Each structure stands twice: as structure tokens, then as C-alpha cells.
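Please examine the sequence and the three-dimensional structure shown here before reading the report.

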Amino acid sequence: MDAIKTLYKKLGNRTKLNEPLADHTFLKIGGPVDIFYEAETTEVFKKAVIEARKLEIPVTILGDGSNVLISDDGIRGLVLVDRSDKIETLGENTEEIELQKIVKPVYRWESDDKVGTFKYEFKDLDYDESDKPRIRVRLDSGVNLPKALDFLLDNGITGLQWYAGIPGTIGGAIFNNIHGGTHFISEVIDTVTVLDLQGGAHTLGIEELGVDYDKSRFQETREIILNVTFLLYKGDVEKAKFVRYEWAKRKSLQPRNAPGCAFHNLTQEQKDKLGIPTTSAGFVIEHLLKMTGFRIDGAAISKDHHNFIINEGGASAKDYLEVMKMIYNKAKKELGIELVPEIFLLGFDENEIKEFRHPSQIELRKKRLYEIRTVYKDSKKLFSTQKPS
Ligand SMILES: Cc1cc2nc3c(=O)[nH]c(=O)nc-3n(C[C@H](O)[C@H](O)[C@H](O)COP(=O)(O)OP(=O)(O)OC[C@H]3O[C@@H](n4cnc5c(N)ncnc54)[C@H](O)[C@@H]3O)c2cc1C
């Protein structure tokens, strides 16, 4: 506890002890953390990490808490909330950016409009803007994604419209390589600057990020994302604004008192095995497992989106985790498929979540590699080694 007190003194008056984390997540679930700090700039964000590590205090980063389930026992060590918010336009330089056409990715998401998933369909809004001039923009990791979208469109910059209606920070978006329809945010990343475990900041190119479906190297390396440089477009702003509006409208049907989808969608192999028309995990939960209305106290499978487990009020992390395990175990027993959590489980004892730490879960993640490679292999041709001076 001495180390916590020392850190408390070093970080100053924005620091709180024993802060309940439920107040900092979409789910409103989570016990207290030993020490809590909200960093307003990258400089103080970095300083807090370095000071905590010197004192051997474990560090957990939170963005907007829209993709996490935090244990009822809370988190030991420091929880650092990232509120850095700088956006910088680095300039257009189409001559030095080697432009090549993106081969349109195959659709990973397959829905079936006859069985109720149509309300989350986005295919009709999709288009290709790879013939447009590129522009580099650097965003701090704490920048709020919906705000970034508005700011960029107001400044004539397109390329992130597919992520309208997704809450969270830029750091959280990169950490899980968010997807919007057929797009992954990695398609437009140029570089990511990180703080490594030794306290050094360095910049990684797109090819070093280990991006995959809902995956980046940061989930394993414990490096901290400080900022991201995107290669966006000087595209058709009015069209992009329409897509943002329409996309967000469709996504607003999704419940907000949940941390997004509980499980990854199925691999192609799992879909084929079950002989169903879609890779949607929500479809499996609704139509094959028939778990509509299933709940444990306040933690319930949403009727609006069966892959969302919502907190209807007063749910504990234990209830929530139990609902996840019921779905996982039923899918394994009755259908012979394993579902992989999409949300991040923080502060739990490894034993409490052993199902989701099994090596087979890692194998399942790897099976998705070919799906994103189709996108990534072609889009990386867009990234020139020459940078504008
Ligand atoms: C209604 C709703 C709809 C959603 N729709 C989608 C969707 O369509 N597609 C999609 O992909 N996701 C979706 N999500 C999930 C979620 O919004 C995204 O994953 C989001 O990017 C998470 O950002 P965050 O700042 O809230 O991260 P948090 O939930 O705060 O953190 C998530 C993880 O990222 C880590 N992290 C955050 N910032 C950093 C950093 N700077 N450095 C290192 N690690 C960091 C945290 O430690 C944690 O492990 C949805 C969620 C909701 C609630």
C-alpha cells in the first residue's frame, strides 16, 4: 500500500483512491480500483505509466469503458483513463504516397434478411474511395471516436464513416481493430506510436501491428497506445456524411447498456458446420440455442440483439459472466462450437475465466486470419515507405 500512497502523491490532485469502476464503464459494473487517474494529455498519460511501473504497480488503461467487463472485486493497481485529445492534420502529399487500387474485400459479414438480422445490415451503404487523394492525420489515443468522425468530416476528410455509432476512444479502437460492416480500422492506419514496457516511445508501421479480426499485438504486448497516424481520404464529404448519419441511425437500434457484442461472430468453418445462413453469433444464440429472454438477475440477453448481454439494473460481474458461460457451454454441448468473447474481461482471477483462456480460443482467433488478410494484403500496398517531410 506504501507504493500506492507514493504514486498518489506523485500524480497530484486528479488522483482518487478506491474509485468504483462501475462509474467508468458502459455496463455500470465493476468494483473499486486501488488508485485511479484521468490523464488529460499524452505527456501526463506517459508520466503516470512510467511512475507506476517504477513502483511496480500494475497499470490498466481504460478508454471509454465500452468494451470491458470489470470484476466485482475491481482491479488491483492503477487504472489510468486516457483523455488525451489532440488531432493534427499532417498534410496531403499524394505524389509521395504510392496510390494503388484496393481490391474490394470479400464480405465477411453475411446476414439473412428473412430472420431478423437485417436491421443491422450495412452493405447497401458501402463504397470504395481508394481513388481519392490521401491525407495523413494524427490523433491522440484518448480522442473520442464519434467526435473524431465529426471533426474530420467538418474538415473535408473521409475514411472513418464506417465506424459511426461505435463508442470509445481511438486507443480502444486500435486495441481491438474495430470493424464497421466490411471494414476494419487497420485499413487506414499508417503508424501507431506506443509506450513500451521499458518506458520508451516508438513508432510501429501497419505491418508490425498484428491486426486481425478483433485483434492487435497490443492485446499481448502490454504496450500502451499513445497516438495513431491514419492515411485518410479527401473523399466525397457529403456522401460520407450521409453514410455516417444512416450508419449511426441503424446502430442506434443496438442497446447501450452493454459493452458491445459479447462474442465474436463465427468463423466460416463454424458457419459451414452448422449449415446456417450467417456468421452472426446473435443468430446462433437466438435461433439455435433459443436463449431469448435468458437472464441471471439483472444480466439479460437483449431481445434487440442476441449477442448483446445487457445490464438491466443491478447486475453484478458474476451474473454477467455466468450468462456468458451459459451461452458458451450450451453452444459447446449442443452445437459442438466454441464461442470466443469479444469483450475484455478485466480484474478477474484466471480461474474464474478459465474457459476463455483455453488454448483452443487462441486457435479459433487464428482461423480468422485469412478473412482479414484479404483486406490487409491489398490495402497495405497503399502505404508508401516515403513520408512527407
Ligand atoms: C453500442 C455499442 C456498439 C458497438 N459496436 C461496435 C462495432 O460495430 N464494431 C466494433 O468493433 N466494436 C463495437 N463496439 C465495441 C467498442 O465500442 C469498441 O471496441 C471501442 O473501440 C472500445 O473503445 P474504448 O475506448 O471504450 O475501450 P475500453 O472499453 O475502455 O477498453 C477496451 C480495451 O482496450 C484497452 N485500451 C484502451 N485504450 C488503450 C490504449 N491507449 N493503450 C492500450 N490499451 C488500451 C483497454 O485496456 C481494454 O483492454 C460497440 C460497443 C457498444 C457499447
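The report below treats the overall model, one helix, the surroundings of the ligand and a few single residues.

## The model as a whole

This is a predicted model, in which local features need pLDDT of at least 70 and side-chain atom pairs count only at pLDDT 80 or more, while totals for chains, interfaces and linings use all residues. Residues are numbered from 1 along each chain as its sequence is written.

The protein has 11 helices and 16 strands; helices (H or I, at least four residues) and strands (E, at least two) are DSSP runs numbered from the N terminus. Of its 389 residues, 43% are buried. A residue is called buried if 20 or more other C-beta atoms lie within 10 Å of its own, exposed if 12 or fewer do, and partly exposed in between, with C-beta atoms placed from the backbone.

The average pLDDT is 86, and 86% of the residues score at least 70; pLDDT is the predictor's confidence in each residue, from 0 to 100. Over residues 97-118 the pLDDT is below 50, although this stretch has 46 contacts in the model beyond near neighbours in sequence. Two residues are in contact if their C-beta atoms, placed from the backbone, lie within 7 Å. Residues 372-389 also have a pLDDT under 50. Where pLDDT is low, the predicted coordinates should not be read in detail.

## Helix H3

Which residues of H3 are buried? In this helix, residues 145-154, they are Leu145, Ala148, Leu149, Leu152 and Leu153. Seen down the axis of H3, these buried residues fall within an arc of 125°, so they line one face of the helix. The arc is that of the directions from the helix axis to the C-beta atoms. An α-helix has 3.6 residues a turn, so residues three or four places apart point the same way. The face of H3 turned away from the buried side carries the exposed residues Lys147 and Asp154. Among the elements that cover the buried residues of H3 are strand S6 (87-92) and helix H6 (237-251).

Ala164 lies in the loop between H3 and H4. Beyond its neighbours within four places in sequence, Ala164 is in contact with Leu149, Arg244, Trp247 and Ala248.

## Around the ligand

The shell around the ligand has 33 residues, of which Gly63, Gly168, Gly171, Gly172 and Gly260 come nearest; a residue belongs to this shell if its C-beta atom, placed from the backbone, lies within 6 Å of the ligand. Helix H4 gives the largest share, four residues. Domain 1 (2-82) and domain 2 (87-253) both contribute to the shell, so the ligand lies between them. The domain bounds come from an automatic or database domain assignment.

## Single residues

The table lists the surroundings of four residues.

| Residue | C-beta neighbours within 10 Å | Class |
|---|---|---|
| Lys86 | 13 C-beta atoms | partly exposed |
| Ala164 | 26 C-beta atoms | buried |
| Asn18 | 12 C-beta atoms | exposed |
| Asn177 | 23 C-beta atoms | buried |

Most residues other than glycine have a negative phi. Asn18, found in strand S1 (residues 15-20), has a positive phi of about 50°. Asn177 lies in the loop between H4 and S8, and its phi is likewise positive, near 45°. Lys86 is placed in the loop between strand S5 (75-82) and S6. Lys86 and Ala148 are 62 residues apart in sequence, yet 9.8 Å apart in space, C-alpha to C-alpha.
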